[in-house]
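Here are some friendly notes to read alongside the model. They are meant for someone opening it for the first time.

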Amino acid sequence: MVERILLRKFCNLNLTPQEAFEQIRSGNYKAPIGALMWIACQDKSLEPKTFSIVHMRELELLKNSKNNSLNEKLKREIEELRAKIEKLEKRKERLVSERENLRKKIFELTKELNRLKLEKAEMEIKFNSIGGDYSFERIRELEKEIKILRGEVRKQLKREIKRKRNRLGKEKKIQIISYLS
C-alpha cells in the first residue's frame, strides 16, 4: 500500500535506483530525499549504502555551523515571540481592566435605570391620582379662564385709570380756575 502511494506521488520521477543513489551521494537533490531513498532502496544492494550516507549527512549537519545559525535564528524567533506574548499580555490586562470598568458602568447605569423606572411608576401613580389625562384638559381650561380673567382685569384697570385721570383732570381744572380767580 505504501509503495502504491509513493509511486502515485513520485511517479513523475523516472530515476533508476542507481541515479537516485548518485543524487544522495553527491548531495545535489533534485527530488525530496525521502523519494530518492525509496527509489535507491529498490535495489537491495544499494540499501545499506544509502542509509549509511544519509546517516553521515545527518551527523555532518548536526556538527555543521548551519545548525548553529539555525539555532541562532530559532533563538531570535523565540525572543520575538516572547516580546509578542508580553505585548499581548499587556493588551490582555488593559482589555480586562476596560471590561471591568464597563461592567461597573453597566451596573451603575442599570441601577440608575431601575431608580428611574421606580420614579416613573411613582409619577404615574401620582398623575393618575390627580386625574390623569383629564387633569391636562382641566389645566388647559383653567389657563383659558385665567387668560380671559386677566383680559377683563386689564379692561377694568384701564377704565379705572381713565376715570381717575378724568377725576384728577377735573380737580386740576378746578384748582387752576380757583387759583386764577
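1. A definition to begin with: a salt bridge here is a side-chain nitrogen of Lys or Arg within 4 Å of a carboxyl oxygen of Asp or Glu. The side chains of E100 and R103 fit that description, with N and O 3.4 Å apart. Both residues belong to helix α5, where they sit 3 residues apart, about one turn of the helix. E100 is partly exposed at a relative accessible area of 32%, and R103 is partly exposed too, at 48%. We will come back to such pairs further down.

2. Please keep in mind that this is a predicted model. The average pLDDT of the chain is 83, and 87% of the residues score at least 70. Where is confidence lowest, and where is it highest? The lowest mean, 68, belongs to helix α1 (residues 2-9), while helix α5 (residues 65-129) has the highest, at 89. I would read α1 with that lowest mean in mind.

3. Now for the overall layout. The chain has 6 helices and 0 strands, so the order of elements from the N terminus reads α-α-α-α-α-α. Of its 181 residues, 10% count as buried. The chain exposes about 16,600 Å², and carbon and sulfur atoms supply 58% of that area. Among contacts between residues at least 6 apart in sequence, 41% join residues at least 24 apart.4. Let us look at helix α2 (residues 17-26). Which of its residues are buried? They are A20, F21, Q23 and I24. These residues lie on the same side of α2, because they cover an arc of only 160° around the axis. Their cover includes α3 (33-40) and α4 (47-63). After α2 comes G27, with a positive phi near 90°.

5. Helix α3 can be read in the same way. Its buried residues are A35, L36, M37, I39 and A40. What covers them includes α2 and α4. Just as α3 helps cover the buried residues of α2, α2 is part of the cover for those of α3.

6. Helix α4 offers a good residue to click on: T50. Is T50 buried or exposed? T50 is buried, because its relative accessible area is 0%. Leaving aside neighbours within four places in sequence, T50 is in contact with F21, I24, M37, A40 and C41. Among these partners, F21 and I24 are buried residues of α2, while M37 and A40 are buried residues of α3. If you display T50 with its contacts, you can follow the link from α4 to residues of both those helices.

7. A contrasting residue of α4 is L62. At 59% relative accessibility, L62 counts as exposed, because the cut-off for that class is over 50%. Which residues join L62 in a nonpolar surface patch? The partners are M56 and L59, and the patch they make with L62 has an area of about 290 Å².

8. Back to the charged pairs. In general, side chains of opposite charge can pair when their charged atoms come close. How many salt bridges does a search of the whole structure find? The search finds 10, and the pair E100 and R103 from the opening point is one example.

9. Helix α5 also holds the pair R115 and E119, which are 4 residues apart, about one turn of the helix. They form a salt bridge whose closest N and O atoms are 2.8 Å apart. R115 is partly exposed at 41% relative accessibility, and E119 is partly exposed at 33%.

10. For a pair in another helix, turn to α6 (residues 133-180), which contains R163 and E160. These two are 3 residues apart, about one turn of the helix, and their side chains meet in a salt bridge with N and O at 3.2 Å. R163 counts as partly exposed at 46% relative accessibility, and E160 is partly exposed with a relative accessible area of 29%. Elsewhere, salt bridges that share partners join E112, R115 and E119 into one network.

Notes
Residues are numbered from 1 along each chain as its sequence is written. This is a predicted model: local features need pLDDT of at least 70, side-chain atom pairs count only at pLDDT 80 or more; totals for chains, interfaces and linings use all residues. Side-chain values use heavy atoms; hydrogens and water are left out. Buried means under 20% relative accessible area, exposed over 50%, partly exposed in between (1.4 Å probe, protein chains only). The arc is that of the directions from the helix axis to the C-beta atoms. Contact means heavy atoms within 4.5 Å. Patches are made of residues with over 30% relative accessible area and no salt bridge: like charges are joined within 9 Å, nonpolar side chains (Val, Leu, Ile, Met, Phe, Trp, Tyr) within 5 Å. Accessible areas come from the Shrake-Rupley method with a 1.4 Å probe; for residues, only the protein chains shown count as cover. pLDDT is the predictor's confidence in each residue, from 0 to 100.
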